[in-house]
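Visitor: Could you walk me through how to read a few features of a protein model? I would like the general idea first and then the case at hand.

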Amino acid sequence: MKASTRKAASFWLLFSLPLLWTFVFLILPYGAMGMMSFWTRQFPLFVPDFQWGNYVLLFSDPQYLTVILRTLKIAALVTFYSVVLGYPLAYFLVFTIRSEKLRTLLYMCVVVPLWVSYLLRAYTWKIILGTDGALNSALLWLGLVNEPLDIFLYNQAAMVITLTYIFIPFMVMPIFTALERIPPALIEASQDLGAGPFETFVRVIMPLSTAGVIAGATMTFCLSFGDFVAPVLVGGPSGTMVATVLQSQFGAALNWPLGSALAVIIFTLVLVVLQISSRLDRAGRVSMG
């Protein structure tokens, strides 16, 4: 057997299983979902067809557009607050904590919640924000209110708080990695050239950590955009998100073609976000180069 033939056989033997897995569990389901999005619903069955009625309904019915725009808004807010809270935390861990053991311990405190059940983390905030929760109990104990308030739960603010808490580790981890990779010599050189702490941060640290911010923002936005558990637990009617509607279409409504069309729209929006993230990352690398 020739060397080139052996290399080709080794290549296909090595990658055949991952390729098969990708085809069966990714490409095939996405293709089936895309085809079903053009089908027609004739209860209780779905008739294969090629028509754009499902997409026309999603873009013409105000309730679906409202849910999509609300989901984009909530995901954007979660991403924004995750950056605002996550960047200072990562900066503190990298540049303020000098002890390697303490830094590792604090970093693990950020990562450990990811090992806890998602439902448990969401229920935690339901308990905190509920009428019998810790927040209302504290207000009653301080005498600031005479009876428990129900304004903290089942609204968009509760969803933003809960999703930010759940997904902020995905923001901290890439920013921490990016900050940790900055050579100390660059910071020292900036200081030797007369730059103050703020100017060093703006001209050196922030540009070199942009890739971590973009990666964290992308993960946080995509994960919060597709979440359907938190809206059910803490969102209420005003916090319905697109994933909740998608679940209902495949569940109680039994309208799989419409649900498939909605899934295609979600998939397309996520791809657009990933493309924007990739372009921003490349632009940042070119500008630094």
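Visitor: Which residues are buried in helix α2?

Guide: Buried means under 20% relative accessible area, exposed over 50%, and partly exposed in between, with a 1.4 Å probe and protein chains only. In α2, residues 53–60, the buried ones are Asn54, Tyr55 and Leu58. Helices here are DSSP runs of H or I with at least four residues, numbered from the N terminus. This is a predicted model, in which local features need pLDDT of at least 70, side-chain atom pairs count only at pLDDT 80 or more, and totals for chains, interfaces and linings use all residues. Residues are numbered from 1 along each chain as its sequence is written, and side-chain values use heavy atoms, leaving out hydrogens and water.

Visitor: Why do the buried residues of α2 line one face of the helix?

Guide: An α-helix has 3.6 residues a turn, so residues three or four places apart point the same way. Viewed down the axis of α2, the buried residues fall within an arc of 95 degrees, so they line one face. That arc is taken from the directions from the helix axis to the C-beta atoms.

Visitor: Now a single residue: what does Thr79 touch?

Guide: Contact means heavy atoms within 4.5 Å. Leaving aside residues up to four places away in sequence, Thr79 touches Met171, Ala217, Thr220 and Phe221. Thr79 sits in helix α3, residues 62–95, and is buried, at a relative accessible area of 11%. A polar atom of its side chain lies 3.5 Å from the backbone nitrogen of Phe221.

Visitor: How should I read a positive phi, and where is Tyr154?

Guide: Most residues other than glycine have a negative phi. Tyr154 is not a glycine, yet its phi is positive, about 60 degrees. Tyr154 lies in the loop between α6 (134–142) and α7 (156–180), and is partly exposed, with a relative accessible area of 41%.

Visitor: What is the phi of Leu254?

Guide: Leu254, also not a glycine, has a positive phi of about 55 degrees. Leu254 belongs to the loop between α12 (242–250) and α13 (256–288). With a relative accessible area of 37%, Leu254 is partly exposed.

Definitions and conventions. Helices (H or I, at least four residues) and strands (E, at least two) are DSSP runs, numbered from the N terminus. A polar contact is a pair of N or O atoms within 3.5 Å; within protein, one must be able to donate a hydrogen and the other to accept it, and residues adjacent in sequence count only if both atoms are side-chain atoms.
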